[in-house]
Amino acid sequence: MTALTASFADRTVLRVGYGALQLERLHDRRDEAIQLLRHAIELGVNHVDTAEFYGFGFANDVIRETMRPEDGVLVVTKVGADPNPGGRLPLRLAQRPEQLRASVEDNLRSLGVDRLPVVNLRRLDTGPGLRPEGDQVVGLDDQLAVMTALRDEGKIGAIGLSSVTLDGLRRALPAGIACVQNAYSLVSRDDEDMLQLCAAEGIAWVPFFPLGGAFPGLPKVTEEPVVHAVAKSLGVAPSQVGLAWLLHHAPNVLLIPGTADAAHLEANLAAGKITIDAETLATLDAIESRSNEVPIG
C-alpha cells in the first residue's frame, strides 16, 4: 500500500485532495456545495485546489464560507487567468505581471485571507488549452519576479507552476518551487522527465486531467481495456485504478480530483487506499502513452 500522506509546502497533506472546479455545478444549490466541501474535510481532505475563475468566484466564496482555521486545510490557488463572464470561454488570460498581482489580490479578497499558502503561476507553454498571444506572451523571468515579490511581501507563501515545460521548470528552480501542475495521467505521460525532476527536488507533482482529457480528442484512462480488466480483478471502478496508479507511480504525486457528488468524492478518496501489486503495475505501465497537446479555443 502506498503512503496516504506526503509533504507539500512544509505541510503534511492527504495525497488525495479536492479540486474545487466542479463546485460551480452546484451554483444554484449553494447549501449542497457547502455540505460537499464540509464532507470532504470531515473525511480528512486537507488540500483544496481553487482559483478565482472557478465559477466566476463561486468556488472561492464557498471555501471562505465553509472552512475554519481549525480545519487546517491547505488552500492552493492559481493566477494567470481571470474570470470572463459572458465570454466565449469562461476565462481570459491574465499573464502580465500587473495582472498576476491583481489576481493574487482578487483571491485574497474572495477567500477572505491575508495570505495565500500556495499560488500556482499558470503558464501556457504545454499541454491542452489556450496559448498566449499578443501582450499575453510574457517571459517567465518577469512573472517569477512579481511572484517572488508577492512572497517577500507575505501575500503568498509558496510558488507553484502550471502548464510549464521542463526547461521552464529548470529555469524557475532557483526561485523555489513548491509544486507543478501539468496535464498527466496513465495514458498521457509526456512529462515523465519533469515528474522525476520534481521528485528529486522535493517538489509536489499535482496532475490535472489525472484520468486523461476532458476535451474531445484527448485519450482517457477509463477507455483502456487493460484498466477495465484490472478494475474488475480488484473489484473497483476504472477511474479508481487510474487514480491509484498515479499514487503508486511516484511518491510526490498529489491528486486533486473534482466532483459535485458526495458518492464520487468518497470513491476518489478510496482510491488512495487501493493496493496494486508489482505485476499489475507493470501491466498498467505498458499502456501506450499518447500526447495531450491539443490546443483549445
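**Figure 1. Lining of the largest cavity in the predicted model.** The residues that line the largest cavity divide into two nonpolar, five polar and three charged. The lining comprises ten residues, and those nearest the centre of the cavity are T126, G127, A183, D191 and N292. The volume of this cavity is about 50 Å³. The structure holds two cavities of 30 Å³ or more.

**Figure 2. The second largest cavity and the residues around it.** A volume of about 40 Å³ is computed for the second largest cavity. Its lining is made up of A183, Y184, S185, S188, F209, G212, G213, L218, P219 and N292. Five of these lining residues are nonpolar and five are polar, with no charged residue among them. In general terms, empty space of this kind is revealed by rolling a probe the size of a water molecule over the atoms.

**Figure 3. The largest pocket.** The largest pocket has a volume of about 1,200 Å³. A total of 45 residues line the largest pocket, and L21, Q22, F208, F209 and A214 are the ones nearest its centre. By residue class, the lining of the largest pocket contains 22 nonpolar, 15 polar and eight charged residues.

**Figure 4. The second largest pocket, with α2 and β8 contributing to its lining.** For the second largest pocket, the volume is about 350 Å³. Its lining consists of 15 residues, with M67, P69, V73, V75 and V113 lying nearest the centre. Helix α2 (58-66) supplies at least two residues of this lining, as does strand β8 (116-122). Nine residues of the lining are nonpolar, two are polar and four are charged.

**Figure 5. Buried residues of helix α2 and the elements they pack against.** Within α2, the buried residues are F58, A59, N60, V62, I63 and T66. The buried residues of α2 pack against two helices, α1 (30-42) and α3 (97-111), and against two strands, β4 (47-49) and β5 (74-79). An α-helix has 3.6 residues a turn, so residues three or four places apart point the same way. Helix α2 also appears in Figure 4, where α2 supplies at least two residues of the lining of the second largest pocket.

**Figure 6. Surroundings of Q136, in the loop between β8 and α4.** Residue Q136 is placed in the loop that runs between β8 and α4 (140-152). Is Q136 buried or exposed? Q136 counts as buried because its relative accessible area is 8%, which falls under the 20% cut-off. The side chains of Q136 and D135 are joined by a polar contact of 3.5 Å. Leaving aside residues up to four places away in sequence, Q136 touches L93, A94, Q95, R96 and Q99.

**Figure 7. The hairpin formed by strands β1 and β2.** Strand β1 (residues 5-8) and strand β2 (residues 11-14) pair in the antiparallel sense, with four bridges between them. One of the residues of β1, S7, has T12 in β2 as its bridge partner. Two residues lie between the strands of this hairpin, and A9 in the turn has a positive phi of about 50 degrees. The two faces of β1 are covered and uncovered: A6 and F8 belong to the covered face, whereas T5 and S7 belong to the uncovered one. S7 therefore appears in this view both on the uncovered face of β1 and as the bridge partner of T12.

Notes. Residues are numbered from 1 along each chain as its sequence is written. This is a predicted model: local features need pLDDT of at least 70, side-chain atom pairs count only at pLDDT 80 or more; totals for chains, interfaces and linings use all residues. Side-chain values use heavy atoms; hydrogens and water are left out. On a 1 Å grid over the protein atoms alone, a cavity is a set of points where a 1.4 Å probe fits but cannot get out, and a pocket is an open set with protein on both sides within 12 Å along at least five of seven lines; lining residues have an atom within 4 Å of a point. Grid points are joined across faces, edges and corners, and a volume is the space filled by probe spheres set on the points. Ala, Val, Leu, Ile, Met, Phe, Trp, Tyr, Cys and Pro count as nonpolar, Asp, Glu, Lys and Arg as charged, and the others, Gly among them, as polar. Buried means under 20% relative accessible area, exposed over 50%, partly exposed in between (1.4 Å probe, protein chains only). A polar contact is a pair of N or O atoms within 3.5 Å; within protein, one must be able to donate a hydrogen and the other to accept it, and residues adjacent in sequence count only if both atoms are side-chain atoms. Contact means heavy atoms within 4.5 Å. Two strands pair if DSSP finds at least two bridges between them.
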